[in-house]
Structure formats: C-alpha cells, structure tokens
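User: I would like to understand how the descriptive words used for a protein structure follow from computed values. Could you take me through some of them with care?

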Amino acid sequence: MNFNRISLKTRAKRILRKNWGWAVLVALILTLVTPTASSSFVSSEIRDELNFKRNTQVVQTEQSEDIDAQNRFNLYNYRPDVIIKRYKEEVDTMVRSIMPNYPGSTWTLFVMALMIALFTSFALKVFVLNPIHVGCKKWFLKNRTEDKPKLRAIVEVFTHGYIRIVGIMFLKDLYTFLWFLLLIVPGVIKAYEYRMIPFLLAENPDLTVSEAFGKTKNIMYGNKMDAFVLDLSFLPWIILAAITCGILSVLYVSPYIELTNTELYVCLCQGRDRYETSN
C-alpha cells in the first residue's frame with residue numbers, strides 16, 4: 001500500500017476543524033454538481049411493469065380455464081406495445097390539458113420536449129457542472145496550505161484553461177460510460193483509474209489529454225484496490241448520514257470524505273515517505 005488510511009483521515013479531520021464552515025459549503029456544491037450513478041429517466045412504474053412481464057411464467061396446462069384466461073389478460077396488458085400505447089394516451093391527455101388547441105401530434109411534442117431537456121442537461125453538465133467540479137477540487141487543494149482560501153477559486157477555472165477542462169472532463173465521463181457498457185467491473189476499474197483527473201486539472205489546467213490520462217494512470221497504478229478499500233471505510237459514516245436524513249452528510253461526512261480524497265491525491269503524488277514526513 002502506497003498510503004496509510006489513518007494518516008489521510010487524521011490529516012483530513014485536522015484540516016476540517018481549521019475551516020469547517022467553508023469546507024461544508026464547497027462539499028455541498030460539489031455534491032450538487034456531481035451526478036449519481038443511480039439516476040434514470042425511466043419511471044419506477046414502467047420498470048415495475050417490465051419486471052412483472054419478465055417474471056411472468058408460462059401458464060401450466062393443468063391450470064383451470066379461468067386462470068388461463070386471467071394470465072392471458074395479464075400477458076396482453078404487459079406487452080411492450082400495449083404499455084407504450086397506454087403511456088401515449090396518458091401523454092396525450094396531459095398535453096391536451098396544458099395545450100388544448102395544439103393541432104399536432106402530442107407524442108411528437110412530448111418526445112421533442114424530452115430531447116431538448118436531455119440536451120440541455122448534457123450541455124449544462126459538460127460546460128458548467130464539470131468545470132465547477134474541478135474548481136471545487138482546486139479549493140480543497142488550496143485549503144490544505146491556506147488559512148482562508150477564497151471561494152473564487154471555484155470559478156477561476158472558467159477563465160484559465162476552460163476549454164481543456166471541458167474537453168478532458170467530457171472524455172473522462174465518456175470513456176467511463178463506454179467501459180461500463182462492456183461490463184460493470186471494467187467500468188469500476190476505469191472509474192478508479194480516472195479518479196485523479198479533476199485534481200490534476202485543478203493543479204494544472206493546461207494539461208493535454210494524453211498528459212492528464214497518463215498521469216492519473218501512473219498515480220493510480222497499484223492503488224485502485226486500496227482506494228476502493230478507503231471508500232469502503234466510510235461506509236459506517238454513510239449509514240449514519242442516511243439515518244439522519246442527510247443532515248450529518250452535509251455537516252460532516254461529505255467534507256470529511258472530500259478532504260480525505262484530497263489527501264489521497266497529495267500523498268500519491270508526493271510519495272508515502274515524503275507525505276508522512278511533511279505531516
């Protein structure tokens with residue numbers, strides 16, 4: 001192991017006590033701009049219906065005629081084309097209630113609105129949220145050595161190296177997504193391999209694509225499993241945060257984790273011996 005978890009956490013707690021209020025605010029901003037892997041555009045109702053269809057078993061021949069008829073009715077109602085037709089009718093009813101005089105196809109209008117919303121969300125993440133993510137990492141790095149780092153560090157990325165940050169962060173998300181399409185495990189491995197890209201861009205926004213991906217690969221080489229174990233060590237805190245409905249997460253757990261991740265980056269860049277000596 002190229003780092004000591006106890007040392008990282010001890011240092012993170014000390015820094016958190018030094019500047020608790022601002023650390024809470026920046027961690028909250030970082031949480032808001034970072035999407036969760038569990039987000040989905042499919043409603044729970046559709047998922048439940050499709051799951052029901054997958055779990056429906058073939059009707060056995062010895063069942064009664066009434067049960068056969070009921071099962072055929074259920075199989076018909078949970079066919080994909082029937083489900084889509086029913087949701088088209090619901091969309092039509094919703095659109096007509098909002099725009100009763102709209103002459104065109106309500107389904108086409110709904111799909112267009114959905115595509116615009118998706119494109120807007122994508123553009124917002126690529127051009128605004130990703131740079132803010134890097135800016136938050138920059139603030140956490142400054143917080144290690146400065147008594148009261150200014151919040152303007154978060155938005156400095158929009159004036160220095162913005163185009164490179166946008167491009168590299170987009171490629172990071174794209175590559176991670178493509179690896180997850182192959183299999184879950186390679187996706188997780190690549191997510192840990194690309195983990196230090198926001199920190200690298202925060203320190204040097206002029207990095208090229210090859211430099212950014214090469215440096216994060218070198219930093220995380222042989223450390224991905226240890227970083228995974230480090231993440232698992234926060235599980236009790238995450239459970240406590242869930243019990244408090246997220247209040248503990250906002251006030252302590254999130255900034256604590258972010259500061260520990262910052263210490264992890266510094267330790268892996270400096271080397272364990274130099275990091276332990278400097279602390």
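**From values to words**

Analyst: Let us begin with a residue of this predicted model: Leu174 lies in helix H7.

User: Why is Leu174 called partly exposed?

Analyst: Leu174 has a relative accessible area of 31%, and since buried means under 20% and exposed over 50%, with partly exposed in between, Leu174 is therefore called partly exposed.

User: What makes Leu174 eligible for a nonpolar surface patch, and which residues make that patch?

Analyst: Patches take residues with over 30% relative accessible area, and Leu174, at 31%, passes that cut-off. The patch, of about 1100 Å², is made by Phe119, Phe122, Phe170, Leu174, Tyr175, Phe177, Leu178, Trp179, Leu181, Leu182 and Leu183. Two elements, helix H6 (106–145) and helix H7 (162–182), each give two or more residues to this patch, and the largest share, 8 residues, comes from H7.

User: Why is helix H1 called oblique to helix H13?

Analyst: The axes of H1 (residues 5–18) and H13 (residues 247–270) come within 8 Å and cross at roughly 125°. Because 65 to 115 degrees counts as roughly perpendicular and over 145 as roughly antiparallel, an angle of roughly 125° belongs to neither class, and H1 is therefore oblique to H13. The crossing in which H1 passes H13 is right-handed.

User: What is the make-up of the chain in helices and strands, and what share of its residues counts as buried?

Analyst: The chain has 14 helices and 0 strands, and of its 279 residues, 34% count as buried.

Definitions and conventions:
Residues numbered from 1 in each chain as written. Predicted model: local features only at pLDDT ≥ 70, side-chain atom pairs only at ≥ 80, totals over all residues. Heavy atoms only, no water. Patch = residues over 30% accessible without salt bridge, like charges linked within 9 Å, V, L, I, M, F, W, Y side chains within 5 Å. Areas by Shrake-Rupley, 256 points an atom, 1.4 Å probe, with all protein chains shown as cover. Salt bridge = Lys/Arg side-chain N within 4 Å of Asp/Glu carboxyl O. Helix = DSSP H or I, 4+ residues; strand = E, 2+ residues; numbered from the N terminus. Buried < 20%, exposed > 50% of the residue type's maximum accessible area, 1.4 Å probe, protein only. Axes fitted to C-alpha atoms, helices over the stretch in contact; angles between N-to-C directions. Parallel < 35°, antiparallel > 145°, perpendicular 65-115°, else oblique. Left-handed = near helix turned anticlockwise from the far one by under 90°.
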